Amino acid sequence: EQLILLKGFCIKVNIMLDNDKSGRNAANEISKQLKKDFFVSMCELPEEKDPNNCSKEELQNILINAKRR
């Protein structure tokens, strides 16, 4: 249901989850599901850093450098 809603609003999705093992695994699974319908980019956080621990400037740079999958 959420995918259907998302399809109506965008064609590109940036995935940014915690940079620990479980976060990376979840990001890969989400990417696999979304890349059928969207252009998917993965945001790479600094080692063992979470999105909520990043400054606004760090987040902007991470989004600019997101890698397409």
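Let's start at Asp37, which is partly exposed, with a relative accessible area of 40%. This is a predicted model, and in it the side chain of Asp37 meets that of Lys7 in a salt bridge, 3.6 Å from N to O. Lys7 counts as partly exposed as well, at 44% relative accessibility. If you trace the chain between the two, you will see that the pair links distant parts of it: Lys7 belongs to helix H1 (residues 2–7), while Asp37 sits in the loop between H2 and E2, 30 residues apart. Side chains of opposite charge can pair when their charged atoms come close.

The structure holds four salt bridges, so let's look at two others. Within helix H2, Lys32 pairs with Glu29, and their closest N and O atoms are 3.4 Å apart. Here the partners are three residues apart in that helix, about one turn. An α-helix has 3.6 residues a turn, so residues three or four places apart point the same way. Lys32 is partly exposed at 46% relative accessible area, and Glu29 is partly exposed at 42%. Elsewhere, Glu58 and Lys49 bring their side chains together in a salt bridge of 3.1 Å, N to O. Both are partly exposed, Glu58 at 28% relative accessibility and Lys49 at 21%.

Lys49 also leads us to Asn19, a residue in the loop between E1 and H2. Is Asn19 buried or exposed? Its relative accessibility is 11%, so Asn19 counts as buried, the cut-off being under 20%. Leaving aside residues up to four places away in sequence, Asn19 touches Arg24, Leu45, Pro46, Glu47, Glu48, Lys49 and Asp50.

Now follow H2 itself. This helix has 14 residues and spans 20 Å from its first C-alpha to its last, close to the 20 Å expected at 1.5 Å a residue. Which residues of H2 are buried? They are Gly23, Ala27, Ser31 and Leu34. These residues lie on the same side of H2, because they cover an arc of only 75 degrees around the axis. The face turned away from that buried side carries the exposed residues Lys21 and Ser22. As for what covers the buried residues of H2, the list includes H1, E1 and E2.

That brings us to the interior. In soluble globular proteins, nonpolar side chains tend to be buried together. The largest nonpolar core here has seven residues: Val13, Ile15, Ala27, Leu34, Phe38, Val40 and Met42. Strand E1 (12–15), helix H2 (21–34) and strand E2 (39–42) each supply at least two residues of this core. Another core, of five residues, lies apart from it and has Cys43, Cys54, Ile62 and Ala66 among its members.

Ile15 is a good place to pause in the seven-residue core. What does Ile15 touch, not counting residues up to four places away in sequence? Its contacts are Ala27, Ile30, Ser31, Leu34, Val40, Ser41, Met42 and Cys43. Of these contacts, Ala27, Leu34, Val40 and Met42 belong to the largest core along with Ile15. Ser31, another contact of Ile15, is one of the buried residues of H2. Cys43, also touched by Ile15, is a member of the other core.

Note on methods:
Residues are numbered from 1 along each chain as its sequence is written. This is a predicted model: local features need pLDDT of at least 70, side-chain atom pairs count only at pLDDT 80 or more; totals for chains, interfaces and linings use all residues. Side-chain values use heavy atoms; hydrogens and water are left out. A nonpolar core is a set of buried Ala, Val, Leu, Ile, Met, Phe, Trp, Tyr and Cys residues joined through side-chain atoms within 4.5 Å. Buried means under 20% relative accessible area, exposed over 50%, partly exposed in between (1.4 Å probe, protein chains only). Helices (H or I, at least four residues) and strands (E, at least two) are DSSP runs, numbered from the N terminus. Contact means heavy atoms within 4.5 Å. The expected span of a helix is 1.5 Å times one less than its number of residues. The arc is that of the directions from the helix axis to the C-beta atoms.
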